[in-house]
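User: I'd like to learn how to read a structure one feature at a time. Could you take me through this one?

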Amino acid sequence: MRHRTVDDLMTTPVIRVRQETGFKEIAKLLAEYGITAVPVVDDDERVVGVVSEADLLRKEAAQLDPAALLPVLRPRPADRAKAQATTAEGLMNGPAVTARPQWTAVEAAQVMERHHVKRLPVVDEADRLVGLVSRADLLRVFLRGDSAIREEIAGEVLVHTLDLAPGAVTVHVVDGRVSLKGTVERKSLVPVVVRLCQGVDGVVDVSAELHHHLDDTSAAPGTGTSRRAGLAT
């Protein structure tokens, strides 16, 4: 089984700015390239932070309302400093949360979720910028076709990885939803089959109706039952 990696999904080359890049130049780059954030790099191309639209917007939000109808905002000291900043060094959030090219899409998604960020600069072993991966990039794994998913499960997972006989388990895939039906030798193998299928890139859900010849999960041999399993969307 081969999972698509950050290297497969990331955007490159990457629009980046230096620490001394000015506010207006950053705003111009965001507008010109239709992006919402840029990594900030030092002279060695190492990522030191990220400047996003939200960071630039603080300056606008800190302005007084010309009509004097809105309440005056009282930002935190850190936000006040960002609102007064004129270069990337003062505007950026740092240190940057980064990803490695060899990470799987799952690893990158978990880091985004943990740190509440929408994108990750991708760096090499020397922490130099090599790409950028966003939420939209990671979601591309779900654009994978049903036939490709079915072929990987039927061949790579069931036959090559689990050594099941071809046709022992039938696989149907519709819109990324996988249905498994058939018989395996041991009951303990059922959750393994389901778990491996859930890990295939592009799979949204797995339901399984799998019988077994031998119940190896209890002292007494079983007569063969079925189990249903699902992956919440």
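User: Let's start with D163: buried or exposed?

Analyst: D163 has a relative accessibility of 66% and therefore counts as exposed. Buried means under 20% relative accessible area, exposed means over 50%, and partly exposed is in between (1.4 Å probe, protein chains only). D163 sits in the loop between α8 and β6. Helices (H or I, at least four residues) and strands (E, at least two) are DSSP runs, numbered from the N terminus.

User: What should I know about the model before we go on?

Analyst: It is a predicted model, where local features need pLDDT of at least 70, side-chain atom pairs count only at pLDDT 80 or more, and totals for chains, interfaces and linings use all residues. Residues are numbered from 1 along each chain as its sequence is written, and side-chain values use heavy atoms, with hydrogens and water left out.

User: What is unusual about the backbone, and where?

Analyst: Most residues other than glycine have a negative phi, and most peptide bonds are trans. Here, D163 has a positive phi of about 60° without being a glycine. D175 is not a glycine either, and its phi is positive at about 55°. You'll find D175 in the loop between β6 and β7, where its 63% relative accessibility makes it exposed.

User: Which peptide bonds are cis?

Analyst: One joins T12 and P13, with omega about 0°. P13 belongs to the loop between α1 (6-9) and β1 (17-18). The bond from G94 to P95 is cis too, with omega near 0°, and P95 is in the loop between α5 (88-91) and α6 (105-115).

User: Now the overall picture. How many helices and strands does the protein have?

Analyst: There are nine helices and nine strands. Of the protein's 233 residues, 36% count as buried. For contacts (heavy atoms within 4.5 Å), look at how far apart the partners sit in sequence. Among contacts between residues at least 6 apart, 60% join residues at least 24 apart.

User: How do I read a pair of packed helices?

Analyst: Two packed helices are described by the angle between their axes and the distance between the axes. Try α8 (residues 146-161) and α9 (residues 189-198): their axes come within 11 Å and cross at roughly 140°. Axes are lines fitted to C-alpha atoms, for helices over the stretch in contact, and angles run from 0 to 180 degrees between N-to-C directions.

User: What does that angle make of α8 and α9?

Analyst: They are therefore oblique to each other. Angles under 35 degrees count as roughly parallel, over 145 as roughly antiparallel, 65 to 115 as roughly perpendicular, and the rest as oblique. The crossing of α8 and α9 is right-handed; that means the near helix is turned clockwise from the far one by less than a right angle, while anticlockwise would be left-handed.

User: Which residues meet between α8 and α9?

Analyst: From α8 come I153, V157, L158 and T161, and they meet V193, L196 and C197 of α9. By class, this contact has six nonpolar residues, one polar and no charged ones. Ala, Val, Leu, Ile, Met, Phe, Trp, Tyr, Cys and Pro count as nonpolar, Asp, Glu, Lys and Arg as charged, and the others, Gly among them, as polar.

User: And what is a nonpolar core?

Analyst: In soluble globular proteins, nonpolar side chains tend to be buried together. A nonpolar core is a set of buried Ala, Val, Leu, Ile, Met, Phe, Trp, Tyr and Cys residues joined through side-chain atoms within 4.5 Å. The largest one here has 22 residues, and I153, L158, V178, L180 and V193 touch the most other members. At least two residues come from each of α8, β6 (169-174), β7 (177-186), α9 and β8 (205-214). The most come from α9, with five.

User: Which residues does V178 contact?

Analyst: Leaving aside neighbours within four places in sequence, V178 is in contact with I149, I153, V171, H172, V173, V203, D205, V206 and S207. There is also a second, separate core of 14 residues, including M10, M112, V122 and L138.

User: Give me one last residue: where is V17?

Analyst: V17 is in strand β1, and at 3% relative accessibility it counts as buried. V38 is 21 residues away along the chain, yet the two C-alpha atoms are separated by 6.8 Å.
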